[in-house]
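Visitor: Please show me the model and take me through the terms used for its ligand site.

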Amino acid sequence: MDEATTEADGTRNVPATIVSAASSPANTNAPVIEWVGESDGWLRLLDQTLLPCETKTIDCRSVEQVVEAIRSLRVRGAPAIGVAAAYGVVVGLRESASADRAQFDEQMRVITQQLAESRPTAVNLFWALDRQRRVAERSATALPTDVLKALLAEARAIELDDRAMCAAIGQYGTELLNDGNTVLTHCNAGALATAGDGTALAVIYAAVAAGKMIRVFADETRPLLQGSRLTAWELSRRGIPVTVICDSMAATVMRQRKVQAVIVGADRIAANGDTANKIGTYSVACLAKTHGLPFYVAAPSSTFDLSLANGEQIPIEERSPTEITHGFGRQTAPDGIDVYNPAFDVTPAELITAIITERGLIRPVTAEAIRTLLTSGS
Ligand code: MRU
């Protein structure tokens, strides 16, 4: 088997070991993220760069492989990045279980730094690394083998928490959709982006489970096509009618009253509700306002960053120009042309009708409403 794979931007590289391949996306149940074994185990990921044509998993047995998988979007979506990073800490410390505690702590510092530098925008990554850091600090006098076990338990807890948050977001969001509605979504905020059913797509899955007929328009989501490659793949596998459109068609679809609501996910939400999500989300929010449509953001509390007053402070990842000039292996722009490729944009809070969280709805979206909801009961 050829273990070198092709990046979404056409670059070749050799990632973690590819361990399995299913003949068709429709008949595989490959998990998005899976920990194999105990504290000497490894991280198995569904390689999302290959979807929708191939469903292969990769095994990450070193922190470098986990970092590479996050950076190249083999695992992606804010909550999934957080879960992968939490397990990445365990992967990176496996070899240090027999070291003395000082060496173990130094290795923990090095690998959390490596993981923190993999992608800058999704705050769930830093949230998960912080949870792991606190576990190590709490067991300051424990043996490395015991700390490693505690770190694995925490990674599993982060995964389970995320699954529960997705389910609760789905339940809270259901009331926003009526039977017969068609929803427009951007990027992929579904099961492929989380440990559970997703955030934006969890609302759709929950509404369907509640007996409502829901259709979806999926923006293709240039340049890496998470909408057409991933959202259309996962919705169609779950029997939800989905229509793919180019990003530039959203205005027309809204003007033609083909959609009744927009629901998207988020990578980081500032204290005032300004929301970073996949590039193009801000355009969709402006279009929704122009056409009088509700614009909903679905996100767990792990996606909020109350240390940032507003969206201007959210770090926005810029990615390789080749994602635009050589998307999926074909050159589509002149040699040497100047390119700007921010991976995310920020939608101002005033364009967001409501934020759907696992603790309930934030509506209207104000700093006070966010603070009240996030600090209640915690
Ligand atoms: O670059 P990606 O594919 O990681 O971007 C993903 C998104 O922008 C999602 O909408 C967001 O992370 C929410 S996923 C529940």
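The exchange below goes through the ligand site and then one peptide bond.

Guide: This is a predicted model, in which local features need pLDDT of at least 70, side-chain atom pairs count only at pLDDT 80 or more, and totals for chains, interfaces and linings use all residues. Residues are numbered from 1 along each chain as its sequence is written, and side-chain values use heavy atoms, with hydrogens and water left out.

Visitor: Which residues are closest to the ligand, and how many surround it?

Guide: The ligand is surrounded by 19 residues, with Ala78, Arg119, Asp267, Asn277 and Lys278 the closest. A residue counts as near if one of its heavy atoms lies within 4 Å of the molecule.

Visitor: What makes the pair between the side chain of Asn277 and the ligand a polar contact?

Guide: A polar contact is a pair of N or O atoms within 3.5 Å; within protein, one must be able to donate a hydrogen and the other to accept it, and residues adjacent in sequence count only if both atoms are side-chain atoms. An N or O atom in the Asn277 side chain is 2.6 Å from a ligand oxygen, so the pair qualifies. For a polar side-chain atom of Asp267 the distance to a ligand oxygen is 2.8 Å.

Visitor: Why is the ligand said to lie between domain 1 and domain 2?

Guide: Because domain 1 (5-166) and domain 2 (170-375) both give residues to its shell. The bounds come from an automatic or database domain assignment.

Visitor: What kind of peptide bond joins Arg222 and Pro223?

Guide: The bond between Arg222 and Pro223 is cis, with omega about 0°. Most peptide bonds are trans.
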